[in-house]
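The following account is offered as a guided reading of a structural model. The reader is invited to keep the sequence and the coordinates in view throughout.

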Amino acid sequence: MLTREQISAVGPDAVMIPADVQLEAADFVEQTDGDSGGDVIADRVITDTGVVVGTVTDVVIDTGDGSIVGYEVVPADEPDQRKGRRSYLPLPETGAVSGEALIVPAAAVDYVSNDLAGFAEAVDSYRDALRGGSR
Amino acid sequence: MNVSELLGKPVLDLSTATTVGRIDDVVLDVPGRRLHGLRVGKSTGAGEWLAWDDIKAVGSDAVTIDAVDRVGAIPAELPGCWLRGDKALGGRVLSDGGRELGSLTDIDLDAESGALQSVVLGDRRLEADSVQGIGTYATVVRDPADR
């Protein structure tokens, strides 16, 4: 397994690592994020007000610094989860995650983007709102 | 929010993102005209009781709480009967004049405050202030004018 710290760059065609990186077996990598070990794929996304928003299908990463900025989600009202549309949800500052669910503040749903191109703007708006700014 | 919608809903602990059980019964405080608390079936908490005041939100898909320790032992004394366990839901509805009006199909509550809004008898709905009591034998309401 590669940890985030071992990755030097994420390009459009390849993930780059320094030549001297030693890969570890996944079994030996310390798990840090609760029961799911940080694996959120297929988790249900639920607001803190008890409404299911959808299911996590992917994680959106800022290729500049490797940080997670959000999640790709199949909306709960999407009839065909394999072929259906995707939405993008900014990463909440707070909210627990388990192998079962990802909790997001109800306000985060207002910043869902329907395409990845517009997602960066949605993330910025959401972060502004969290800092007390306006949308 | 109807009581029938509440029953079966999962209780979600927001601190761990895990389900701690499912709502399987409800107690109303009829004199106070509000929901008093809920029983959490298959609870992973210390007991099966969740007081209404300890709930963070009631959503369309889950009841949320901020920590599993909100679920504790069922109080020795409750202000009313269990709506499902004591068969108040589905049971007879009597007027305070002793007339049988039908059976109690559902109870409508305000999802924000837990306030009793109305009782449902099939396609009829009687306002909360007409409810005199909800017990194991019958629900008693003030005799409606439209006989």
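The paragraphs below take up chain A, its helix, the contact between the chains, the shared core, the domains of chain B and some individual loop residues.

The model is predicted. Chain A contains one helix and seven strands, and along the sequence these elements follow the pattern β-β-β-β-β-β-β-α. Of the 135 residues in chain A, 24% are buried. Among the contacts in this chain with a separation of 6 or more, 39% are between residues 24 or more positions apart.

The helix of chain A, H1(A), covers residues 119-130. Its twelve residues, at 1.5 Å a residue, should span 16 Å, and the end C-alpha atoms are indeed 16 Å apart, so expectation and model agree. Which residues of H1(A) are buried? They are Phe119(A), Ala122(A), Val123(A) and Tyr126(A). Viewed down the helix axis, the buried residues of H1(A) fall within an arc of 100°, and they therefore line one face of the helix. The spacing has a general basis: an α-helix has 3.6 residues a turn, so residues three or four places apart point the same way. The cover over the buried residues of H1(A) includes three strands of chain A, namely S4 (52-61), S5 (68-75) and S6 (87-90). Just after H1(A), Gly132(A) adopts a positive phi of about 100°.

The description now turns to the contact between the chains. Here 16 residues of chain B are in contact with 14 residues of chain A. On the chain B side, the elements giving two or more residues are strand S2 (18-29), strand S5 (57-58) and S6 of chain B. By class, this side of chain B has seven nonpolar, seven polar and two charged residues.

Ala17(B) offers a detailed view of contacts between the chains. This residue lies in the loop between strand S1 (10-13) and S2 of chain B. Is Ala17(B) buried or exposed? Because 23 C-beta neighbours lie inside 10 Å, and 20 or more suffice, Ala17(B) counts as buried. Leaving aside neighbours within four places in sequence, Ala17(B) is in contact with Ala96(A), Val97(A), Ser98(A), Glu100(A), Ala101(A), Leu102(A) and Ile103(A). Within its own chain, Ala17(B) is 80 residues from Gly97(B) in sequence, and their C-alpha atoms are separated by 50 Å.

The largest nonpolar core has 61 residues. Those touching the most other members are Val45(A), Leu89(A), Leu102(A), Val11(B), Val26(B) and Leu28(B). The element that gives the most to this core is S2(B), with five residues. As for Val26(B), apart from residues up to four places away in sequence, it touches Val3(B), Leu6(B), Leu35(B), Leu38(B) and Leu83(B). In general, nonpolar side chains in soluble globular proteins tend to be buried together.

Chain B is assigned two domains, domain 1 (3-70) and domain 2 (92-141). Taken over C-alpha atoms, the centres of these domains of chain B are 22 Å apart. Nine residues of domain 1 of chain B are in contact with twelve residues of domain 2 of chain B. On the domain 1 side, helix H1 (3-6) and strand S3 (34-41) of chain B each supply at least two residues. The residues of this side of domain 1 comprise six nonpolar, one polar and two charged.

Three loop residues of chain B complete the account. Lys42(B) is placed in the loop between S3 and strand S4 (49-51) of chain B, and its phi is near 50°, a positive value in a residue other than glycine. With 11 other C-beta atoms within 10 Å, Lys42(B) is exposed. Lys87(B) lies in the loop between strand S6 (63-65) and strand S7 (92-95) of chain B. Phi of Lys87(B) is also positive, near 60°, and this residue is partly exposed, with 14 other C-beta atoms within 10 Å.

Ala128(B) is found in the loop between strand S11 (124-127) and strand S12 (131-134) of chain B. Since 18 C-beta neighbours lie inside 10 Å, Ala128(B) counts as partly exposed. Ala128(B) and Leu116(B) are twelve residues apart in sequence, and their C-alpha atoms are 5.8 Å apart in space. Not counting residues up to four places away in sequence, Ala128(B) touches Arg33(B), Leu116(B), Gln117(B) and Ser118(B).

Methods:
Residues are numbered from 1 along each chain as its sequence is written. Chains are lettered from A and ligands numbered from 1 in the order in which they are written. This is a predicted model: local features need pLDDT of at least 70, side-chain atom pairs count only at pLDDT 80 or more; totals for chains, interfaces and linings use all residues. Domain bounds come from an automatic or database domain assignment. Two residues are in contact if their C-beta atoms, placed from the backbone, lie within 7 Å. Helices (H or I, at least four residues) and strands (E, at least two) are DSSP runs, numbered from the N terminus. Ala, Val, Leu, Ile, Met, Phe, Trp, Tyr, Cys and Pro count as nonpolar, Asp, Glu, Lys and Arg as charged, and the others, Gly among them, as polar. A residue is buried if 20 or more other C-beta atoms lie within 10 Å of its own, exposed if 12 or fewer, and partly exposed in between; C-beta atoms are placed from the backbone. A nonpolar core is a set of buried Ala, Val, Leu, Ile, Met, Phe, Trp, Tyr and Cys residues joined through C-beta atoms within 7 Å. The expected span of a helix is 1.5 Å times one less than its number of residues. The arc is that of the directions from the helix axis to the C-beta atoms.
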